[in-house]
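Please look over the sequence and the 3D structure below. A short report on salt bridges, a sheet and aromatic pairs follows.

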Amino acid sequence: MALNSYFIGINKYLDSQIFDLSGASNDAKALWALFTDTIPDIQAHLFVDEQANVESVKNVFESVLSKASVDDSVIITFAGHGTPDHRLVCYNTIKDDCPSTSISAEEIANYFRKSKAKTIILILDCCFSGGAPARVLSDVSLPRNTCYTMQSIAGEGRVIIAASNYNEPAWEQPASGHGLLTKALIDILQDGNDNIDFMSATSEILKHVAAEAQRIGQVQTPVVLGSITGGLFIPVLKPGENYKALFPDIAATKISENIAELTKFGVPSEVTDVWADRFKHGLNDLQQNAVNEYRVLNGESLLVVAPTSSGKTFIGEMASMCAHIQGRKTVFLFPYRALTNEKYEQFSALYGASLDLRIIRCTGDHTDQTRPFVSGKYEIALLTYEMFLNIVVSNPWVLNQIGLVVIDEAQFIADSQRGITVELLITYLLSAREKGISPQIIALSAVIGGTNSFESWLDCKLLITNERPVPLLEGVMDRSGLFQYIDTAGESKLEQLIPNVRIHQRKRKPSSQDMIVPLVQEILKDQNEKVIIFRNQRGTAEGVAKYLASELNQPSIISALEALPNNDISTTSSSLRMCLEKGTAFHNTNLNREEKAIVENEFRNPNSSLSILAATTTVAAGINTPASTVIITELFFLGSEKKEFTVAEYKNMAGRAGRVGFQETGRAIVLADTSHERVRLFNKYVTGNLESIASSFNYNHIDTWIVRLLAQIERIPRGEVGRLLSNTYGGYLANKHNPIWRDSIKKNLEDLLSKLISLGLVEEEGDYVQLTLLGRVCGRSALSFNSAIRLVEILKDLNIDNLSAEELMAIIQVLPEFDDIYTPIMRKGTAENVRVREATARYRDEIVRILQKYVPNQFEYFARCKRVSILWDWIHGVPIDTIENQYTPNPYLGKIGYGDIRKIADITRFHLKPAFDIVSIIFLGRGPDEEAVDALLKQLEVGLPSNALNLLGLPISLERGDYLKLVSTGIKSLEIFWDSPAEQLENILGESKYKSILTQKPINEDVTA
């Protein structure tokens, strides 16, 4: 008697409309390995992913079953998607043509009937209920004929084990890496010391699956159809060489600094070779501890607190490779788009191009890969905090696909603006554990004063260090040139860093320039030095680069000058060019994306002669621009009121000092005017205590928190709403310090719920409460509760039919989030009165009148009018320098720069979509068209008129000026672009960009030479 077995598992699907899975291929691999390790004579075949196409799977059923003799037994397992009409979905199934590209139950039944095999067992770890997001291909076109059911296949000697009943989903469990049915099979068929009657074991398997489903809050009832007279006996499965090769036992594996040893964890040598090339000195102590002592590669969650440049991000990268090997998907979360994009480029080069992993990103741009993320078609996804929270709350099944979440800059949970998003997304991850969804979490934080039980809330281990790969020398220098510092041994020292006589007044009043010029001259005596001078304003950062260019006269940065864009340049662009011609550069928000990238790449290039960079604090926020020395000129923010930096913010800037492989020691120098101020700053920042991490929860904004927490669930008993708040970090800390805190806020929560019900945001059903459709839209937006209510009130009072997308863009400038935008306004004289006239020239009078609502004074009204006019000009393709000049009444007061335009457009874009969702509910079809809003979102992002948006389909993203230049020459569509002469396109875009487009040109397009 022969035992033939076929193990089929499909995680990846060719059709972009079919969601990828995470555990199906592991199901097949594990069963194949266990059977082959245990039963020497078995004929076992493995088909995973691309191998499991329609043709090969049909061949399994057709040829294998037809060739089986009366003495043979056949076991076939299938893990993947099913359809509601009982079809097996294969790797190359086409969703829109499912009936002819999948395998129906009717076909399987025919193969079973014709087969002479003594016994056939078919195990289906898929479902046929239509209940996404489980293992089912739902919303497919169903044929009109009657669906064939599994009953038509089963009979004597013909056994079907289906993962769930016909009206139930079959669940995967990312924590185990398997489907519930397969995991039960693996566990029970290994339990015992003797042969197992397979049919008798099925009853235990069924109980196991049902119990595990119940544990995660689901219902899944496996079904067994058919029988085998006399049973089918198989030996207890034992893992051997095959199983250990696919699923190595890494429980006690340890490594040295040698990166090649990571192959012990299953990491392919191709990957370790890439890593070894990146990190010439191997793994540092922090990374080895994370692996050896904290078992981060074994799936253990971990909070890592370490200085900038300590290599903590690589801990996440190592864990992501292990997750990938185990069939788990990884998500990296970042605070900023710029940082997300930088990591995307880096990961795409490292893991995409060379290792063929699917790397995707979502940052809120038109190039976002949201669909692949929701469909699970990735190995590594990189998202901003806001995008991740928005997507997972709107598409809760996405969490089922994720095995690892790496949260970069986790200390942002304490940020007054962004902290609520970080806290809510982590709360969502932790709450999912109640449903059995528990991805590994690796939280990475800059050095903080104390964790304040953060790791306890995360329920993970804590790895903390203050060691840096390059030691940091920190201190403060006053106007006499005296430098008070802490050396690398931790001792306080005082040194005459530069002679007193070299510091002299250069202008009418003493300024930081008096110290910066001689200090930089002194530093640059060392050939290997690269210096960042931090300023707290865009203008002063630009000014430093200008006067250093004039004073020092460094060699021109030719490569950067040649790369700079020439179309639609701002006044700041001209300043950058001037600086680069004399060997300096600056980095601030008045530079466009391409200009920033050129400066960053040039500065981080060790072979570049660019050694002086003046920058605002944006460079300190994780962008990879390491310097040997940083000079910190101010330690306060300028806004509506002066606010001193926290010690952590200072440490983040100071941490940019120190380049691995170039200097033995990094140096951070704070500037002070007097000896008294030197001592004060030294005590507060250099030797002062870092702030402990904290929750951003503010009881004054409890309404915002409750609405956003309710948006994460379907409904909840009214008396349990307090539990949602207790699940947050803020609630955790409050309960820890006051065990009756939750009871103490019951009355306030009851009053708040009554208020939300009266406002139409919450509705009751029996003992349960849930958000209304309007409440859910408000809760899923990033708008505060007060903003959402203000917008609802404005819209309800608005007596306008056919509100346009552009008018909605203007209306939302009334919300508090927009009043917080710094909008340069000259508050003396009457020069800004013209802003009302400019706004009425672009919008209806009724819209401009709305801008008068809730304003504290006329200047805030002028600021709103200025913003809506700037937005109008931006999306209609008005040149940058024209916008800057139009809205700057005085170059010294109220100056509008590219950064202001960009910030106004970005914040408007961020809030426009949720505002549209609110409008759609209130206006009932009288609001903007969804396509018009989608188009406007792109216009706000790129600053193009609607007739130019078609050009965004080009293979690479261009700068605004490039698109506008194409449009001005009549090239307004892709068709016209590809039909245009090469000489004309090269003249507009430049040789480099044009060639880059050509290398990625769609195959079916042509370019006229």
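Glu-860 and Arg-827 join their side chains in a salt bridge, with 3.2 Å from N to O. The model is predicted. This pair links distant parts of the chain. Glu-860 belongs to helix α34 (residues 858-875). Arg-827 sits in the loop between α31 (816-819) and α32 (834-840), and the two residues are 33 apart. Are the partners buried or exposed? Glu-860 counts as buried because its relative accessibility is 17%, and the cut-off for buried is under 20%. Arg-827 has 46% relative accessibility, so Arg-827 counts as partly exposed.

How many salt bridges are there in the model? The count comes to 60. Another one joins Glu-317 to Arg-278. This pair also links distant parts of the chain: Glu-317 is in helix α10 (residues 312-325), Arg-278 is in helix α8 (residues 269-278), and 39 residues separate them. Glu-317 is at 1% relative accessibility and therefore counts as buried. Arg-278 is at 29%, so Arg-278 counts as partly exposed.

A third salt bridge, between Asp-906 and Arg-902, lies within one helix, α36 (residues 898-923). The two residues are separated by about one helical turn, because they are four residues apart in that helix. Asp-906 and Arg-902 are both buried. Elsewhere, salt bridges with shared partners connect Lys-12, Asp-20, Arg-358, Lys-377 and Glu-379 into one network.

Here are the three pairs with their distances between the closest N and O atoms.

| Acidic partner | Basic partner | N to O distance |
|---|---|---|
| Glu-860 | Arg-827 | 3.2 Å |
| Glu-317 | Arg-278 | 2.9 Å |
| Asp-906 | Arg-902 | 3.0 Å |

Now to the sheet. Six strands make up an open sheet with mixed pairing, in the order β2-β1-β3-β6-β7-β11. Which strands are at the edges? They are β2 (43-48) and β11 (223-225), and each of these pairs on one side only. From one strand to the next, the twist averages 10°. Strands of a sheet pair through backbone hydrogen bonds, either parallel or antiparallel. Strands β6 (residues 119-125) and β7 (residues 158-162) run parallel, joined by five bridges. In one of these bridges, Ile-120 has Arg-158 in β7 as its partner.

Two helices lie across strands of this sheet. Helix α1 (residues 24-38) lies across β1 (3-9), β2, β3 (73-79) and β6, at about 165° to β2. Helix α2 (residues 54-67) lies across β1, β2, β3 and β6, at about 165° to β3.

Aromatic rings come next. The model has 25 aromatic pairs. One of them is Phe-7 with Phe-35, a tilted pair with 5.4 Å from centre to centre and 40° between the planes. Phe-7 is in strand β1 and Phe-35 is in helix α1, 28 residues apart, so the pair links distant parts of the chain. Both Phe-7 and Phe-35 are buried. Phe-697 and Tyr-699 pair edge-to-face, at 6.4 Å centre to centre and 85° between the planes. Tyr-699 counts as partly exposed because its relative accessibility is 33%. Phe-332, Phe-334, Phe-347 and Tyr-351 form one aromatic cluster.

Last, a word on confidence. The pLDDT averages 91 for the protein, and 96% of the residues score at least 70. Over residues 143-148 the pLDDT is below 50, and this stretch has seven contacts beyond near neighbours in sequence. Where pLDDT is low, the predicted coordinates should not be read in detail.

Conventions:
Residues are numbered from 1 along each chain as its sequence is written. This is a predicted model: local features need pLDDT of at least 70, side-chain atom pairs count only at pLDDT 80 or more; totals for chains, interfaces and linings use all residues. Side-chain values use heavy atoms; hydrogens and water are left out. Two strands pair if DSSP finds at least two bridges between them. Axes are lines fitted to C-alpha atoms, for helices over the stretch in contact, and angles run from 0 to 180 degrees between N-to-C directions. Contact means heavy atoms within 4.5 Å. pLDDT is the predictor's confidence in each residue, from 0 to 100. A salt bridge is a side-chain nitrogen of Lys or Arg within 4 Å of a carboxyl oxygen of Asp or Glu. Buried means under 20% relative accessible area, exposed over 50%, partly exposed in between (1.4 Å probe, protein chains only). Rings of Phe, Tyr and Trp (its six-membered ring) pair if their centres lie within 6.5 Å; planes under 30 degrees apart count as stacked, over 60 as edge-to-face and the rest as tilted.
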